[in-house]
Amino acid sequence: MIKTVFSALCAIGALAGTAQAQLVSTPERNNTMQVVIREPGNGPVSESLTLPLGQAAIVHLPVDAVEVMVASDTVASAVVRTPRRALLLGQEVGRTNIFFFDIHGELILDLSVRVERDMASLQDALNRFVPNSRVEAESMNSNIILSGTVPSASAADAALQIARRWTETEEQIISFLTVEGRDQVMLRVRIVEMERNVVRQLGVNLSGSQGFGDFDGPTRVRATNDLGVPLDDANGNPIYEVFAPGRYQSQRGFSTSNGFGVAGAALGGLTGTLGTQNFVDGVLQSSVSATLSALERVGLVRTLAEPNITAISGEPAQFLAGGEFPVPVGRDRDGNVTVEYKPFGVGLGFTPVVLSEGRISLRISTEISELSNEGALSLSETAVVNENGEVVGTVPGVTLQALTVNRAETTVELPSGGSLVIAGLIKEETRQAMDGVPGVERLPVLGSLFRSRDFANNETELVVVVTPYLVDPTDPDALEEPGEGFVASSMAANVFLGRLNRVYAAPGAQVEGRGWLGPVGFMLE
C-alpha cells in the first residue's frame, strides 16, 4: 500500500536545484534516533536506515518537502512536523521505502527503512544473565538467531529462556549455540527384585456306596475238570464256581468334589485315601472312603541386574537383559502368520543432561518383566470353509503369553557419584477360597471332612539404586578384559587333575606362599 502525505506547512519557495544530501544518524534521548541530511552537492539521495521496533527516528531535510510517500504504513509511518523535518516510527518487523519530494516533484530523498527487533537490550540481558559465555543475538526478519558458545546445557537453556521474551512464539528463535565440552555420563544401576510366594492347600473328599433292597445271592455250580469229573479241595470238600454274581436290588453312591479355586488343582504334597468296605457273600454291600490332599509351598525368587551404561549429555541410552517373544499380528495374502517380537526382561533407559559441574539431570525408566500364563490368551483351532461350505483347511490354535511387569519412570537431579534409591514398589496379593458341601461344612469337627481350603500369597518388592558418574576416555592399555590371560589346560591336566585352565602368574610376580583369602569358591550348606 502506498500512502501519500501532503504537507504545506511553510511558504513555498522556488529552488534553483535539488541539493544532494548525506545521511547521518545520531542517537537522542528516549531511544530516539535523528537523521540529518547535509548538502555537499546536487542530485537526489538514496539512503538506508535500520530502525528498532517500537522506536523512532527524525529526518532533517535540506529543502522543503511537500510530498511524502510510504510504501507500507504497517511497517513504518512518517509524520511530517515541519517542511524540513519528519518523524519516522517503526511499527512492525519488515522493510519499506519512504520517498520525499519537493515543490517541483523532484525526489529529495529515497529512504530504505528496515525495522528490526531491538537486539541491543537482548544482548545486554544475555551478557548479564549468561556469564562466561559468548552468545551473539541477531535479528533476521521476525526471527532471532542465537550463535556462539556456552559452558553447559543449563547456560544454553537460560539463553533460550531470555530470548523467548523478545518474541511472540518459541518457533521464532533459532539456536546455533554450541556447548563446550560435551560431557559423558556413566550410569551405574542396581536393580533388585524380591518375590515370595506362599501356597497352602488342604482338602478332604468323601466317597462311598450303599446297597438297598432284597439280596440275591450268587448262583454257584460244582467245578469240574476237562473230563467233567467234579473237583474237591485238599480236604475233600467240593469246589464250587460262581455262575452268576449276587446283587442288591438298588445301589446308591455318593461323593464330594471340593476343588482348589485359587491355586488350581492340587500341586503335589501329601495325598492319601482312607476307607472301609463291607461284603456280604462276596458282594460289596457298602463302602466309605476319604481322600486327603495337603500341600504347603514357599517360593523365593531374587532378580538382580547391575547394568553400566555410558552416554553423551543429552543423548538417550538403553539396556535390556532378557529376550523377545513372538506375537502374531496378522496374516499375509498366502495365509502365513506374521509376527512381531516384544521384549521382556530387565530393561533400563536413561537420558543424562549435565547442567553444570557436579549437577546431572537424569530421566530414568526401568522395567522388570517376565512371561506369565496368568492373563494369557488362547485361540482354538478353527476350520477354513470355502464358498460351497467345504472345509479346505484349518487354522492352528495359538497361545499368547502375558507379561508381568514392574516399571518405574522418573526425572531426578544428582551430583556425580551420588546415589538415589527408587524404592517402595511393593506389591502384595493374597487370595484364598473355601469349597465345601452346603450345610454339612458348618458342622463342628465333622465339617472339616466336607470342605477344602486354598490359600495363596504373593509378595514382590522392587528396589532400584542409581549412581551417575562424569567420565572421560582412558588409555586402552589401562583396561582389563574378563578373559585376559586365560589359557586352556592341557589334555593331561584335564583328565588327571580335572582342570579347565592352567594355573599361571604374571611374569616376575612373587607367588610363593600366597593364596586366596576369604570365602571364595563354592559353599555348601
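Accessible areas here come from the Shrake-Rupley method with a 1.4 Å probe, and they are applied below to a predicted model.

**Exercise 1.** State how much area the protein chain exposes and which share carbon and sulfur atoms supply.

*Solution.* The exposed area of the protein chain is about 33500 Å². Of this area, carbon and sulfur atoms supply 52%.

**Exercise 2.** Describe the protein chain by its secondary structure, its buried share and the sequence separation of its contacts.

*Solution.* The secondary structure comprises 3 helices and 28 strands. Of the 525 residues in the protein chain, 29% are buried. Among contacts with a separation of 6 or more, 64% join residues 24 or more positions apart.

**Exercise 3.** Decide whether E116 and R114 are buried, partly exposed or exposed, and give the distance of the salt bridge in which their side chains meet.

*Solution.* The cut-off for buried is under 20% relative accessible area. E116 has 14% and is therefore buried. R114 has 33%, which lies between the cut-offs of 20% and 50%, so R114 is partly exposed. Their side chains meet at 2.8 Å, N to O.

**Exercise 4.** Carry out the classification for the salt bridges of E170 with R164 and of E340 with K342.

*Solution.* In the bridge between E170 and R164, the N to O distance is 3.7 Å. E170 has 53% relative accessibility and therefore counts as exposed, the cut-off being over 50%, whereas R164, at 23%, is partly exposed. In the bridge between E340 and K342, the N to O distance is 3.5 Å; E340 is partly exposed at 39%, and K342 is partly exposed at 34%. These pairs are among the 7 salt bridges counted.

Technical notes
Residues numbered from 1 in each chain as written. Predicted model: local features only at pLDDT ≥ 70, side-chain atom pairs only at ≥ 80, totals over all residues. Heavy atoms only, no water. Helix = DSSP H or I, 4+ residues; strand = E, 2+ residues; numbered from the N terminus. Buried < 20%, exposed > 50% of the residue type's maximum accessible area, 1.4 Å probe, protein only. Contact = heavy atoms within 4.5 Å. Salt bridge = Lys/Arg side-chain N within 4 Å of Asp/Glu carboxyl O.
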